[in-house]
Amino acid sequence: MRKRKIDELVEAFAEGRLTRRDFIRKATALGFSLAVSMSIARDFQSREAYAAEVDRSKLSKELNIYNWSDYIAEDTIPNFEKEFGVKVNYDTYEDNEAMLAKLQAGATGYDLVVPTGYMVEIMLKQNMLAPINHENIPNIKSVSKELANPPYDPGRKYTVPWQWGTTGFGYNSKEVTGKIDSWGLLWSSKYKGKITMLDDMRSVISVALKKLGYPLNSTSEKELMEAKKLLMDQKPLLKAYISAPVKSLLISGEVWLSHLWVGDVLMAKEENDALEYCIPKEGCEIWDDSLAIPKTAPHKYTAEVWMNYCLRPEVSAAVSNFVHYATPVEAAKKFINKEDLDNPGIYPPPDVMTRLEFQVDIGEATRIYDQIWTELKAA
Ligand code: N2P
């Protein structure tokens, strides 16, 4: 009864039939405390502020999204489909290079892709992305200041942020014992056959570079050859180069040490509480992934509506709470589970931040990386 009455009040407030002041007066008359009445009004106003005007006549019937696997909440797509009446087709990939290769090979149906910063740089150099119309994406104002103006896309003319995180390693605390703070553990013969590395060229090579104390984006042939030697030494200890699908092996106990992104480790931890995440003392990669619209996208306006939807605080927080990566939306933080917000693996404190490095496009040196990667895979 009271619930119905307050819903009616919210509706009247929404339609402008009630002022904020009258809304609060009537809500308190229904028996809601002043604080609760004010917070209902505030929540409503903030939701409204993020639900931008959408020109429904310009929406397409379908939207084609190409994203990393295990990188969205269960209700993100159904809620969008329901609200906008758009059917979302969703495909997944496991690394940036696979996504790039697919587009370069001529895949033209995608409306949205989710490249990491350095890959945005590469795609922009190759003229593969469409500029975005900020008028259709007013929620871009809610992006936290660290991510509002990234070096790979100054002014965010082409991208909006999706999620960000670090790439350290996950481990099974029942099996891996002693001091756990170094990449060296992933070279320990004691754990032979129980170790995996990401199936990701740049990430794998960057681990060896960090272990050697070199910059994560090294283009020095000498440093890269040392990194290759280190990775060749490691190869016989590995069970596999494997990315998101490693989670089931961590859960079952087949793998004890896994070079992996923080959120995927924490998703696996939901099924096996012995799993923990470590940012090694030598440092590691920090990254941020963005939503971007390929030049060939058939449904650009709807893609921008999706971008704006994903930047709503509740929507971004729901994704972060599900996948355990960090939200780029400042106002979303108040909806993030406390356990995640306090987790230094997800939101690293300033002293840890100093050990982290972003990847950048390494240009010509990509050839050396490709060569190393091919040899490692073949070894
Ligand atoms: C989640 C993918 C994380 C993306 N499975 C790393 N950039």
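The following dialogue examines the ligand site, helix H10 and Thr76 in a predicted model.

Visitor: Why is Asp264 called buried?

Guide: The relative accessible area of Asp264 is 2%. Buried means under 20%, so Asp264 is buried at its value of 2%.

Visitor: Where does Asp264 lie, and what makes the helix there count as enclosed?

Guide: Asp264 belongs to helix H10, which spans residues 262–269. Of the 8 residues of H10, 8 are buried, and therefore the helix is largely enclosed by the rest of the structure. The buried residues are Val262, Gly263, Asp264, Val265, Leu266, Met267, Ala268 and Lys269.

Visitor: Which elements do the buried residues of H10 pack against?

Guide: Their packing partners are strand E4 (159–172), helix H9 (247–252), strand E7 (257–261), strand E8 (275–278) and helix H12 (313–323).

Visitor: Which residues is Asp264 in contact with, leaving aside its neighbours within four places in sequence?

Guide: With those neighbours set aside, Asp264 is in contact with Asp70, Ala244, Lys247 and Tyr325. Asp70 and Tyr325 are also among the residues around the ligand, as is Asp264 itself.

Visitor: Which other residues are around the ligand?

Guide: The residues there also include Trp68, Ser69, Tyr71, Thr116, Trp261, Trp287 and Asp289.

Visitor: What makes the approach of Asp264 to the ligand a polar contact?

Guide: A polar side-chain atom of Asp264 is 2.9 Å from a nitrogen atom of the ligand. A polar contact requires a pair of N or O atoms within 3.5 Å, so the pair at 2.9 Å qualifies. A polar backbone atom of Ser69 lies 2.7 Å from a nitrogen atom of the ligand. For Asp70, a backbone N or O atom is 3.4 Å from a ligand nitrogen atom.

Visitor: How much of the accessible area of the ligand does the protein cover, and where does the ligand sit?

Guide: On its own the ligand has 270 Å² of accessible area, and the protein covers 98% of that area. The ligand sits in the largest cavity.

Visitor: How do you know whether Thr76 is buried or exposed?

Guide: Thr76, found in helix H4 (residues 76–84), has a relative accessible area of 2%. Since buried means under 20%, Thr76 is therefore buried.

Visitor: Which atom does the side chain of Thr76 reach, and which residues is Thr76 in contact with?

Guide: The side chain of Thr76 reaches the backbone nitrogen of Ala73 at 3.2 Å. Leaving aside neighbours within four places in sequence, Thr76 is in contact with Trp306, Tyr309, Val315 and Val319.

Technical notes. Residues are numbered from 1 along each chain as its sequence is written. This is a predicted model: local features need pLDDT of at least 70, side-chain atom pairs count only at pLDDT 80 or more; totals for chains, interfaces and linings use all residues. Side-chain values use heavy atoms; hydrogens and water are left out. Helices (H or I, at least four residues) and strands (E, at least two) are DSSP runs, numbered from the N terminus. Buried means under 20% relative accessible area, exposed over 50%, partly exposed in between (1.4 Å probe, protein chains only). Contact means heavy atoms within 4.5 Å. A residue is near a molecule or strand if one of its heavy atoms lies within 4 Å of it. A polar contact is a pair of N or O atoms within 3.5 Å; within protein, one must be able to donate a hydrogen and the other to accept it, and residues adjacent in sequence count only if both atoms are side-chain atoms. Accessible areas come from the Shrake-Rupley method with a 1.4 Å probe; for residues, only the protein chains shown count as cover. On a 1 Å grid over the protein atoms alone, a cavity is a set of points where a 1.4 Å probe fits but cannot get out, and a pocket is an open set with protein on both sides within 12 Å along at least five of seven lines; lining residues have an atom within 4 Å of a point. A molecule sits in a cavity or pocket if more than half of its atoms lie within 2 Å of its grid points.
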